[in-house]
Amino acid sequence: MAVEDTQPLISHLIELRKRLLNCIIAVVGIFLCLAYFSNDIYQLVSAPLIKQMPAGASMIATDVASPFFAPIKLTMIVSVFLAVPVILYQIWAFIAPALYRHERRLVVPLLISSSFLFYIGMAFAYFVVFPLAFGFFAKTAPHGVQIATDINNYLDFVMALFMAFGISFEVPIAIVLLCWTGVTTPEELKAKRPYVLVGAFIVGMLLTPPDVLSQTLLAIPMYCLFEVGVFFSRFYTGLRREESDQEPE
């Protein structure tokens with residue numbers, strides 16, 4: 001391989017290392033600021049369950065080190081979530097030089113919207129789904145069974161739901177990208193509305209507790225987000241067509 005061929009690769013690797021280092025610094029910096037409040041953060045996240053537990057019941061730690069490591073683990077995860085805008089910016093800064101000017105104008109709103117929708121999905125899970133789900137679990141517990149959830153198991157459960165709802169709320173971004181890249185069109189998506197509605201309820205059934213209310217609370221927002229994505233995808237599709245028409249033959 002010629003020296004000239006290796007120079008671009010080396011420069012890209014150096015740039016990639018710089019961007020990864022910036023992401024790590026952002027996460028570690030946020031973690032150091034939040035580490036002192038790790039127990040308070042865990043209490044905040046566990047509040048929806050504690051409110052639904054019977055009088056006298058409490059969460060437990062089955063491992064000796066769990067009271068220390070569980071809040072620290074949660075704080076690290078929260079630090080990554082809070083650093084998402086910085087991480088997305090670093091990704092943008094790395095790929096921006098390879099994009100055309102019109103592509104940059106299209107990607108920036110998608111990056112901002114994706115992080116915003118992810119946070120909205122997590123907030124929806126915390127304020128709406130968690131109280132209903134934990135209330136359902138508490139009421140359906142067999143007689144004589146005392147609810148005493150392990151703090152590590154609870155953390156794994158809520159983090160899985162946070163990720164599920166955060167990713168589910170990215171539906172508009174996924175639709176816009178599919179239409180922008182030409183995989184599908186808004187017209188084709190409109191024709192598949194009945195299937196999308198049924199699919200939303202199936203996804204809601206898989207991601208939520210086995211009750212109709214929780215399933216509906218996820219399915220309806222997902223379908224509304226689908227409609228939002230179809231609406232905005234028209235603008236991206238139109239821009240893509242205009243750009244292709246302007247390209248020289």
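**Entry 1. Glu15 and Arg19**

I looked up Glu15 in this predicted model and found that Glu15 counts as partly exposed, at 23% relative accessibility. Its partner in a salt bridge is Arg19, with 2.8 Å from N to O. I checked the cover on Arg19 as well: Arg19 counts as buried, at 15% relative accessibility. The cut-off for buried is under 20% relative accessible area, so the 15% of Arg19 falls on the buried side and the 23% of Glu15 does not.

I then asked how many residues separate Arg19 and Glu15 in helix 1. They are 4 residues apart in helix 1, which spans residues 3–34, so about one helical turn lies between them.

**Entry 2. The leucine patch**

I stayed with helix 1 and looked up Leu9, which has its place there. Leu9 is partly exposed, with a relative accessible area of 47%. A patch needs residues with over 30% relative accessible area, so Leu9 at 47% meets that condition. I noted that Leu9, Leu13, Leu16 and Leu20 make a nonpolar surface patch of about 360 Å².

**Entry 3. The other salt bridges**

I wanted the count of salt bridges for the whole structure, and the search finds 3. Besides the pair in helix 1, I looked at Lys73 and Asp156, whose closest N and O atoms are 3.2 Å apart. This pair links distant parts of the chain, with Lys73 in helix 3 (residues 66–82), Asp156 in helix 6 (residues 151–168), and the two positions 83 residues apart. On accessibility, Lys73 counts as partly exposed at 39%, and Asp156 counts as partly exposed at 42%.

Next I looked up Glu227 and Arg193, whose side chains meet in a salt bridge at 3.0 Å, N to O. Here too the pair links distant parts of the chain: Glu227 belongs to helix 10 (residues 212–246) and Arg193 to helix 9 (residues 193–207), 34 residues apart. Glu227 is partly exposed, with a relative accessible area of 22%. Arg193 is partly exposed, with a relative accessible area of 31%.

**Entry 4. Ser46**

Is Ser46 buried or exposed? I found that Ser46 is buried, with a relative accessible area of 2%. Ser46 lies in helix 2, residues 38–52. With neighbours within four places in sequence left aside, Ser46 is in contact with Met59 and Tyr154. I took the C-alpha separation for Ser46 and Met59: it is 9.0 Å, for residues 13 apart along the chain. I also looked at the polar side-chain atom of Ser46 and found the backbone oxygen of Gln43 at 3.2 Å from it.

**Entry 5. Val107 and helix 7**

I looked up Val107, which has its place in helix 5, residues 101–139. At 12% relative accessibility, Val107 counts as buried. Which residues is Val107 in contact with, leaving aside its neighbours within four places in sequence? They are Trp92, Leu99 and Trp180. I also noted the C-alpha to C-alpha distance from Val107 to Ala96, which is 9.1 Å for a sequence separation of 11 residues.

One of those contacts, Trp180, led me to helix 7, where Trp180 is among the buried residues. Helix 7 covers residues 171–180 and is mostly covered, with 7 of its 10 residues buried. Besides Trp180, the buried residues of helix 7 are Val171, Pro172, Ile173, Ile175, Val176 and Cys179. After helix 7 I found Gly182, with a positive phi near 85 degrees.

**Entry 6. The chain as a whole**

I finished with the totals. The chain has 10 helices and 0 strands, and its pattern along the sequence reads α-α-α-α-α-α-α-α-α-α. Of its 249 residues, 37% count as buried. The accessible surface of the chain comes to about 15,000 Å², and 70% of that belongs to carbon and sulfur atoms.

For contacts in the chain between residues at least 6 apart in sequence, I noted that 83% join residues at least 24 apart.

Notes. Residues are numbered from 1 along each chain as its sequence is written. This is a predicted model: local features need pLDDT of at least 70, side-chain atom pairs count only at pLDDT 80 or more; totals for chains, interfaces and linings use all residues. Side-chain values use heavy atoms; hydrogens and water are left out. Buried means under 20% relative accessible area, exposed over 50%, partly exposed in between (1.4 Å probe, protein chains only). Contact means heavy atoms within 4.5 Å. Accessible areas come from the Shrake-Rupley method with a 1.4 Å probe; for residues, only the protein chains shown count as cover. A salt bridge is a side-chain nitrogen of Lys or Arg within 4 Å of a carboxyl oxygen of Asp or Glu. Patches are made of residues with over 30% relative accessible area and no salt bridge: like charges are joined within 9 Å, nonpolar side chains (Val, Leu, Ile, Met, Phe, Trp, Tyr) within 5 Å. A polar contact is a pair of N or O atoms within 3.5 Å; within protein, one must be able to donate a hydrogen and the other to accept it, and residues adjacent in sequence count only if both atoms are side-chain atoms.
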